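Q: Got a minute to walk me through this fold? I'd like to go through the sheets first, then the helices and the odd backbone spots.

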Amino acid sequence: MTCRIAIIGMGKIAHDQHVPVIAKNPDFELAAVVSQRGVHPPGVPVFASSRELYEKIPNLDAVAICTPPAVRHAFAREALAAAKHVLLEKPPTPTLAELSHLEAAARGKRVLFTTWHSRFNAAVAEAKARLAGSSIRSLEVEWKEDVRRWHPGQEWIWQPGGFGVFDPGINALSIVTAIMPWAIFVKSAELFFPRNCQTPIAARLVFEQADDPAARLQAEFDWRETGEQSWNITVETADRGLLRLRNGGARLEIDGELIVDAPLAEYEGIYQHFAKLLASGESDVDPAPLQLVADAYMLGRRVEVEPFE
């Protein structure tokens, strides 16, 4: 049975990913969008508010919430109350308490899916399988990109609840929490705030591993990279060699040998998984990446840097 889904929030990610991926997935039909600016794909009804959406299309099955993070809890709560299944863009909410509330509200009633899209790259599942049960010596995360290229004109990312560099950085953390065989915790953090912003433009994190506190685990995030964009994770093991995830999780090398090299198909994987969840009636809610970001803010040392213009 085809799922009639609406998109709430027609920003860049909805336009670039959700709309075309829904169009080519036979399990879904894009029934409408909600956009205060009136933006919508050709032939798809657009509403100025979610209330109007639910009034005009009562037989809607699900919504994909693609708004800025600060308002996702309110939209998701309203959708669940209207008996709709909910797919949440990442990060699902700005706080763990809000996410916990949504999970409880959906339990046993509707499907709630927190979409950590980087986990759906082809090499991530293979890396997880290769690392299962292994002894980790080191973890190096390098996630550096150009904010002006990927978030043009998006002022909300610099406001409280906007995540700053953790908006892309949480993608790396979603992969790390998926592939690491043991739990990791934030041990220390440095957060670099432009003098005119409320969220960081760069961050350095040091982690501790549950089974081996001596392992060297760290991550570096930077939104000021104007050259080659870097989305790399390197894991050194005592027994399985050196694993390198490249291109955001699409490419896997082990001891220099290419194991997986596939085109990016994150959102195709998201909607395939969502269809399975809808068929089974099960939710998929993982707070682990958001927890690491929250802990980084809790433990982080604030460092002021030049204003961002």
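**Strands, helices and backbone**

A: Let's start with one residue pair: Val141 stands opposite Ala219 in S10. Strand S7 (residues 136-144) and strand S10 (residues 216-222) run parallel and are joined by 7 bridges. Helices (H or I, at least four residues) and strands (E, at least two) are DSSP runs, numbered from the N terminus, and two strands pair if DSSP finds at least two bridges between them.

Q: Is this an experimental or a predicted model, and how are residues numbered?

A: It's a predicted model, where local features need pLDDT of at least 70 and side-chain atom pairs count only at pLDDT 80 or more, while totals for chains, interfaces and linings use all residues. Residues are numbered from 1 along each chain as its sequence is written, and side-chain values use heavy atoms, with hydrogens and water left out.

Q: OK, which way do S9 and S10 run, parallel or antiparallel?

A: Antiparallel, with 6 bridges joining strand S9 (residues 202-209) to S10. Val206 stands opposite Gln218 in S10. S9 and S10 form a hairpin, with 6 residues between them.

Q: What's the strand order in the open sheet of 6 strands?

A: The order is S3-S2-S1-S4-S5-S6, and the pairing is parallel. Strand S3 (46-47) and strand S6 (112-114) stand at the edges with a single partner strand each, so one side of each has no neighbour in the sheet.

Q: How many bridges join S1 to S4?

A: 4 bridges, between strand S1 (residues 3-8) and strand S4 (residues 62-65). Ile8 stands opposite Ile65 in S4.

Q: Which strands does H1 touch?

A: Helix H1 (residues 12-23) packs on the sheet and touches S1, strand S2 (28-34), S4 and strand S5 (85-88); contact means heavy atoms within 4.5 Å. The direction of H1 makes about 170° with that of S1. Axes are lines fitted to C-alpha atoms, for helices over the stretch in contact, and angles run from 0 to 180 degrees between N-to-C directions. Helix H3 (residues 72-81) also packs on the sheet, touching S1, S4 and S5, and its direction makes about 160° with that of S5.

Q: Switching to helix pairs: at what angle do H3 and H4 pack?

A: About 10°, with their axes 10 Å apart. That makes H3 roughly parallel to H4 (the label covers angles under 35 degrees). His73, Ala76, Arg77 and Leu80 in H3 meet Glu98, His101, Leu102, Ala105 and Ala106 in H4.

Q: And which residues of H4 are buried?

A: In helix H4 (residues 96-106) they are Leu99, Leu102 and Ala106. Buried means under 20% relative accessible area, exposed over 50%, partly exposed in between (1.4 Å probe, protein chains only). The buried residues of H4 pack against H3, S5, S6 and helix H9 (288-299).

Q: Backbone oddities next: where is the cis peptide bond?

A: Between Lys90 and Pro91, with omega about -15°. Pro91 is in the loop between S5 and H4.

Q: What's phi at Phe163?

A: Near 80°, a positive value in a residue other than glycine. Phe163 is in the loop between helix H6 (147-150) and helix H7 (166-179), and is buried, with a relative accessible area of 6%.

Q: What about Asn247?

A: Asn247 has a positive phi of about 55° although it is not a glycine. Asn247 is partly exposed, with a relative accessible area of 35%.

How values were computed: Angles under 35 degrees count as roughly parallel, over 145 as roughly antiparallel, 65 to 115 as roughly perpendicular and the rest as oblique.
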